[in-house]
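Hi,

Here is the structure I promised to pass on. Have a look at it first, and my notes follow underneath.

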Amino acid sequence: MARANIRMKSLRCLFLIAPLAGVAHAQSYKLIDLGTLGGAASDAKALNAKGQVVGEATTAGGQSHAFLYDGGVMHDLGTFGGTTSIAMSINASGQVVGSASTADNHTHAFLDSGINLQDLGTLAGNYSEARGINDSGMIVGMSSSSVVNQFRAVSFSGGAVQNLGTLGGNFSYAQSINNKGDITGNSNTSSQFEDGFYRPVAGSMLDVGVLPGSYASNGLDVNNSGQVAGYSYFADNGAYSHSFVYDHGTLTDIGALGPGYSVAIGLNDGGAVVGYSDTNGAGRYRAYLYQNHKMIDVNTLITIGGAGWTVFRADDINANGWIVGTATNAAGASHAVLLQAVPEPASLFALATGLVFLSGRRRRA
């Protein structure tokens with residue numbers, strides 16, 4: 001009986017200690033400067049689960065080129081003979097999509113699978129962009145159409161460019177695609193207001209609507225649960241917007257870091273959202289992480305490598321909680337940065353302490 005009582009007391013102590021492992025602590029991050037392609041500036045746009053990052057960076061000659069950051073090295077993805085390019089998305093296998101200029105100064109969507117840029121073509125005319133790619137290689141973006149000065153959300157597949165339609169207006173733009181094939185973006189409506197859309201793989205384009213009191217919206221990212229992150233405008237001059245999450249018919253305002261402006265750009269499958277927000281109403285922008293119903297300035301979470309840097313924009317977050325964005329340093333240079341999540345030892349220590357305590361009590365019994 002005495003041995004049993006000791007075991008029960010020990011287990012009760014463990015149960016008191018073990019919940020410490022589940023106590024929510026703010027995630028901390030290590031900032032890594034991704035550098036440039038020899039020039040002065042760079043911007044990160046997306047990353048995958050492996051930590052490969054894509055975006056755009058200036059070269060030594062001052063041109064802006066798409067880059068792939070892999071294994072600690074920034075690689076120049078080049079152009080179609082022109083001077084500019086930008087990479088917008090990367091999937092799990094490292095395929096990259098974006099847009100690049102041609103020698104005759106047109107812009108075409110591209111796919112990079114590790115060899116050369118593949119021109120994905122256009123619906124009509126001389127303009128297209130690829131904005132999203134999923135793990136199956138499905139690609140979405142936008143293209144000029146057969147009607148002058150009108151653009152359409154499109155998908156690119158097997159050399160064909162498919163028009164995805166609009167919400168009733170004359171313009172649409174696909175921004176992201178998840179692994180099921182659900183798509184988000186924005187489109188003019190028949191009333192010529194611009195709204196975000198959600199297009200499920202087996203359905204038609206749905207209007208996500210706008211936040212109460214606002215007049216326009218934009219969907220920028222969609223995760224594998226079908227949640228959409230974006231923003232909704234409250235003022236005609238575009239000076240005031242709030243970030244939102246759209247979840248199967250429900251549009252939720254997730255707020256801002258300050259008195260007004262915020263934009264949600266990326267989200268992961270856990271529902272964590274990243275973007276940027278004006279913190280003082282006067283254009284002091286900071287990157288944010290929205291998680292567990294709370295928006296946090298990511299600069300307050302950087303514990304390693306952050307000295308002299310201010311992250312003013314976050315564009316993507318992967319399943320590991322790693323974030324990419326853009327930061328300025330003390331010299332005023334703007335660089336792409338990767339924020340790697342730092343493991344939290346406290347919860348593991350608490351659990352280990354409980355197990356050691358229990359083991360010790362058993363031995364003494």
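Leaving aside its neighbours within four places in sequence, which residues is Ser 241 in contact with? Keep in mind while you look that this is a predicted model.

The contacts of Ser 241 come in two runs of numbering: Tyr 231, Ser 232, Tyr 233 and Phe 234, and then Gly 260, Tyr 261, Ser 262 and Val 263. Ser 241 itself sits in strand β20. Its relative accessibility is 0%, so it counts as buried.

Two of those contacts, Tyr 231 and Tyr 233, turn up again among the aromatics: together with Tyr 215 they are linked by ring pairs into a cluster.

On to the aromatic pairs, then. There are nine of them in the structure. One pair joins Tyr 198 and Tyr 246, with ring centres 6.1 Å apart and planes at 50°, so this one goes down as tilted. What does that pair tie together? Tyr 198 belongs to strand β16 (residues 194–199) and Tyr 246 to strand β20 (residues 241–247), so the pair connects parts that are 48 residues apart in sequence. As for exposure, Tyr 198 has a relative accessibility of 7%, and because the cut-off for buried is under 20%, it counts as buried. Tyr 246 is buried too, with a relative accessible area of 6%.

Next, the pocket, in case you want to look there. The volume of the largest pocket comes out at about 830 Å³. It is lined by 40 residues, and the closest to its centre are Leu 47, Ser 89, Ser 176, Asp 221 and Asp 316. Which strands each supply at least two residues of the lining? Those are β2 (38–47), β6 (81–90), β10 (128–133), β14 (168–177), β18 (216–222), β22 (262–267) and β27 (310–317). Sorted by class, the lining has 17 nonpolar residues, 15 polar ones and eight charged ones.

β27 deserves a few more words. As well as supplying lining residues to the largest pocket, β27 pairs with strand β28 (residues 323–328) in the antiparallel sense, over six bridges. Within that pairing, Val 311 stands opposite Ala 327 in β28. The two strands, β27 and β28, make a hairpin with five residues between them. In the turn, Gly 321 has a positive phi of about 85°.

Cheers

Note on methods. Residues are numbered from 1 along each chain as its sequence is written. This is a predicted model: local features need pLDDT of at least 70, side-chain atom pairs count only at pLDDT 80 or more; totals for chains, interfaces and linings use all residues. Side-chain values use heavy atoms; hydrogens and water are left out. Rings of Phe, Tyr and Trp (its six-membered ring) pair if their centres lie within 6.5 Å; planes under 30 degrees apart count as stacked, over 60 as edge-to-face and the rest as tilted. Helices (H or I, at least four residues) and strands (E, at least two) are DSSP runs, numbered from the N terminus. Buried means under 20% relative accessible area, exposed over 50%, partly exposed in between (1.4 Å probe, protein chains only). Contact means heavy atoms within 4.5 Å. On a 1 Å grid over the protein atoms alone, a cavity is a set of points where a 1.4 Å probe fits but cannot get out, and a pocket is an open set with protein on both sides within 12 Å along at least five of seven lines; lining residues have an atom within 4 Å of a point. Grid points are joined across faces, edges and corners, and a volume is the space filled by probe spheres set on the points. Ala, Val, Leu, Ile, Met, Phe, Trp, Tyr, Cys and Pro count as nonpolar, Asp, Glu, Lys and Arg as charged, and the others, Gly among them, as polar. Two strands pair if DSSP finds at least two bridges between them.
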